[in-house]
Amino acid sequence: MVSAYDTSGSFSKGVMNLNSANVAEPPSLDSHKRTLLIVDDEEGPRESLNIVFKSDYDILLADNGDKAIELVRHHHVDAAVLDIRMPGLSGVDVLRQIKNIEPDLEVVMLTAYETVDTVRQALRLGACDYLNKPFDVSAMRAAVANAMERRRLSERIHADIQRLDSLEEELKSNQVQFEASKSRGEIYASIIHDLNSPLTIISGLIELVKERLAHANRLEGEDLAAIQRDIMQLSRQVVSCINISRRYLSFLRASSNEACRVDVAQVLDDMQVLLREHPDLKGNRLQISPPVSRVVAEFNGTDLIQILLNLTINGLQCQPPPHTVRLHARLLKESQAVDAMDEPGVGLHLERLAGMTSILAVSVEDAGPGIPPETLARIFDGHRTTKPAGKGTGLGLAIVRRLVSTSRGAIRASSRVGSGTAFTLYLPVVPPAESVVASSSKSS
């Protein structure tokens, strides 16, 4: 059957009439010309629709469902006018398949045999409109224009979603970079902070050695021994600086820390030596009490020295001299370890105590003004300092928090206003038999 327009502008047998009064304005679309697929097994409707829309769109024609599917598979198609009743694949079958290929393709269904079930099925499969044959030209133009507008809006939505996804990825990337930068900035500040103590001691020792050399005619006896001790201390401090730098470089490279063991008595001896010439000790008193028996802790030795240095120097700086800071270590029994979890104060990673069978508690105590409860409650949050403006940055506790967090240890802060403050570091202890083996292997 060959159909053409009748004089009223509808599809029927007769002649073609392109009355401009019945032609709607072309739709307002994007600058590129969109593509319309016309699928009908009858040549008359195909060619008639081609004539109507060829000035507005790029036209693709198909006389059966298989050709229509291939065109959609190999071309970008924005909208389609699809006849329902065709030999072979029906329009509904074609609709289903082209929607699987291109879900956003808009389809106007066309048929001379309308049924409620057909309409329902077509709409359920995603058809945007449904016209009967014969149809009014203006109605067809409006339906196709609506389909193209829906496609344009769909593309814009997808473009906006892509932009949002891209923005989200960019924000995530920037957040990661910001966090990395923030973390690295804190690490660099920590390096400067941690190196400050040994560098201060190195500077003092250098001045002391210079002074002794300037007043000594000959290097012998006590003068020689004193200079040798000072040079040994310089070497220790230089090694300490190297170890601190290596630890932070390792952290920046995100390398994993190997399991470390340290003789706690040796660390406390090193603390005594390191702080002997420290300017904050002048006018103050430092009491260091090692554990009554040899204890080997599962902890990085350099980290332990840095934690104790920061806490001890904080204690020495808590008030003007003279005052006393006590640094002491004690081995807790299993029952005491459990009780330690419930002691008053503010803790960090105290839940780890439940998994420790043997614990060493190392405390740094001062008799200073104490810390108010509202400040103590946030002592491990961010960079906190109780020192006067310009006297502290809070980096010391930030370093302590990070070193404890990356270890197997825990820490508690307790304080009473007017009575002083205590920080207690809890370390897992190596069983005595393993400590002997470790000591033997080191000495060999």
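How many bridges join strand 6 to strand 7, and in which sense do the two strands run? The legends below take up this pairing and then other parts of the chain, in a model that is predicted.

**View 1. The open parallel sheet, with strand 6 and strand 7 in the foreground.** Strand 6, which covers residues 106-111, is joined to strand 7 by four bridges, and the two strands run parallel. One position along this pairing is T111, which stands opposite N132 of strand 7. The pair belongs to an open sheet of five strands, arranged in the order 4-3-5-6-7 with parallel pairing. Because strand 4 (58-62) and strand 7 (129-132) stand at the edges and each has a single partner strand, one side of each is left without a neighbour in the sheet. On average, and with direction ignored, neighbouring strands of this sheet are turned by 20° against each other. Helix 2, made of residues 65-74, packs on the sheet and touches strand 3 (35-39) as well as strand 4, and its direction makes about 145° with that of strand 4.

**View 2. Two aromatic pairs.** The count of aromatic pairs comes to two. In one, the rings of F53 and Y57 have their centres 5.9 Å apart and their planes at 35°, so this pair is tilted. F53 is buried, with a relative accessible area of 1%, and Y57 also counts as buried, at 2% relative accessibility. In the other pair, the ring centres of F380 and F423 lie 6.4 Å apart and the planes stand at 80°, so the arrangement is edge-to-face. This second pair links distant parts of the chain, since F380 sits in the loop between helix 10 (373-376) and helix 11 (395-405) whereas F423 belongs to strand 15 (residues 420-428), 43 residues apart. F380 counts as buried at 6% relative accessibility, and F423 counts as buried at 9%.

**View 3. Strand 14 and the strands that pair with it.** Strand 14, which spans residues 410-416, is mostly covered, with five of its seven residues buried. Strand 14 pairs with strand 12 in the antiparallel sense over three bridges, and here the bridge partner of G347 is R412 of strand 14. With strand 15 the pairing is again antiparallel, over seven bridges, among them one in which A410 has Y426 of strand 15 as its partner. Strand 14 and strand 15 form a hairpin with three residues between them, and in the turn G418 has a positive phi of about 90°.

**View 4. The largest nonpolar core and the surroundings of I411.** The largest nonpolar core has 43 residues, and those with the most contacts inside it are L308 and I411. Two or more residues are given to this core by each of helix 7 (264-276), strand 9 (285-289), helix 8, strand 11, strand 13, helix 11, strand 14 and strand 15. Helix 8 supplies the largest share, eight residues. With its neighbours within four places in sequence left aside, I411 is in contact with residues including L311, V346, L348, V400 and V404, and also with F380 and F423. A second, separate core has 23 residues, including A80, M86, L95 and V107.

**View 5. Two backbone details in loops.** The peptide bond from P321 to P322 is cis, with omega near 5°, and P322 lies in the loop between helix 8 (301-316) and strand 11 (324-332). H349, although it is not a glycine, has a positive phi of about 60°. This residue, H349, lies in the loop between strand 12 (346-348) and strand 13 (359-366), and H349 is partly exposed, with a relative accessible area of 21%.

**View 6. The chain as a whole, for orientation among the close-ups.** The secondary structure comes to twelve helices and 15 strands, and buried residues make up 42% of the 444 residues in the chain. Among contacts between residues at least 6 apart in sequence, 72% join residues at least 24 apart. The chain exposes about 23,600 Å², of which carbon and sulfur atoms supply 53%.

Technical notes:
Residues numbered from 1 in each chain as written. Predicted model: local features only at pLDDT ≥ 70, side-chain atom pairs only at ≥ 80, totals over all residues. Heavy atoms only, no water. Pairing = 2+ DSSP bridges. Axes fitted to C-alpha atoms, helices over the stretch in contact; angles between N-to-C directions. Contact = heavy atoms within 4.5 Å. Buried < 20%, exposed > 50% of the residue type's maximum accessible area, 1.4 Å probe, protein only. Phe/Tyr/Trp six-rings, centres within 6.5 Å; stacked < 30°, edge-to-face > 60°. Areas by Shrake-Rupley, 256 points an atom, 1.4 Å probe, with all protein chains shown as cover. Core = buried A, V, L, I, M, F, W, Y, C linked by side-chain atoms within 4.5 Å.
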